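Visitor: I am new to this structure and should like to learn how to read its strands. May we go through one part of it together?

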Amino acid sequence: LESKYLWDALWMYPIWTTSFDDWALMTTIAQPINIKNKKASVLMNIFSPLAGDSTIDVRFSFIAIDSNGNQVTTDESPLRSLTPNEWVKASVDIGGSFPAGFDASKVQKIGIRFRANGKIPEITGGIQLDEILITE
């Protein structure tokens, strides 16, 4: 079991210009990881005042990119399902079957994407990420 850590907490305050914007935060892994035939997972602490608001349907998903630039994305989860103004652990398994062309034996980047999903730009609030743990 090998783990990679990104230790610094990051506070993001996205500027949404339309109700369909999306943005992502990616990190490059120094040595590519192999998630082929494994149950790799990503665990991340998320803190946001936008969480828990039933009127806001901001969604997030985890992303993995192989050494050739091919991308695989997990299913989206609603930010409103998290507890507002509290640190919440969000995790997902990214191992298993992958689309043709994706080299799961050479995952070079991992990240998280947020999508406005109809949220009006006037509703604002930051999102803080901490303790990103990638386990292969």
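**Strand pairing and burial**

Guide: Let us begin with pairing in this predicted model. Strand 5 and strand 7 (residues 77–78) run antiparallel and are joined by 2 bridges. Within this pairing, R59 lies opposite P78 of strand 7.

Visitor: How many bridges link strand 5 to strand 9?

Guide: There are 8 bridges between strand 5 and strand 9 (residues 107–115), again in the antiparallel sense. One can follow the pairing at S61, whose bridge partner in strand 9 is R113.

Visitor: Which residue of strand 6 stands opposite I63?

Guide: That residue is T73. Strand 6 (residues 71–73) runs antiparallel to strand 5, and 3 bridges join them. These two strands form a hairpin with 4 residues between them, where G69 adopts a positive phi near 90°.

Visitor: Why is strand 5 described as largely enclosed by the rest of the structure?

Guide: Burial is judged by relative accessible area, and a residue counts as buried under 20%. In strand 5 (residues 59–66), 7 of the 8 residues are buried, so the strand is largely enclosed by the rest of the structure.

Visitor: Where does T74 lie, and is this residue buried or exposed?

Guide: T74 belongs to the loop between strand 6 and strand 7. Its relative accessible area is 15%, and because the cut-off for buried is under 20%, T74 is buried.

Visitor: Which residues does T74 touch, leaving aside those up to four places away in sequence?

Guide: With those set aside, T74 is in contact with S61, F62, V92 and I94. S61 is also the residue whose bridge partner in strand 9 is R113.

Terms used:
Residues are numbered from 1 along each chain as its sequence is written. This is a predicted model: local features need pLDDT of at least 70, side-chain atom pairs count only at pLDDT 80 or more; totals for chains, interfaces and linings use all residues. Side-chain values use heavy atoms; hydrogens and water are left out. Buried means under 20% relative accessible area, exposed over 50%, partly exposed in between (1.4 Å probe, protein chains only). Two strands pair if DSSP finds at least two bridges between them. Contact means heavy atoms within 4.5 Å.
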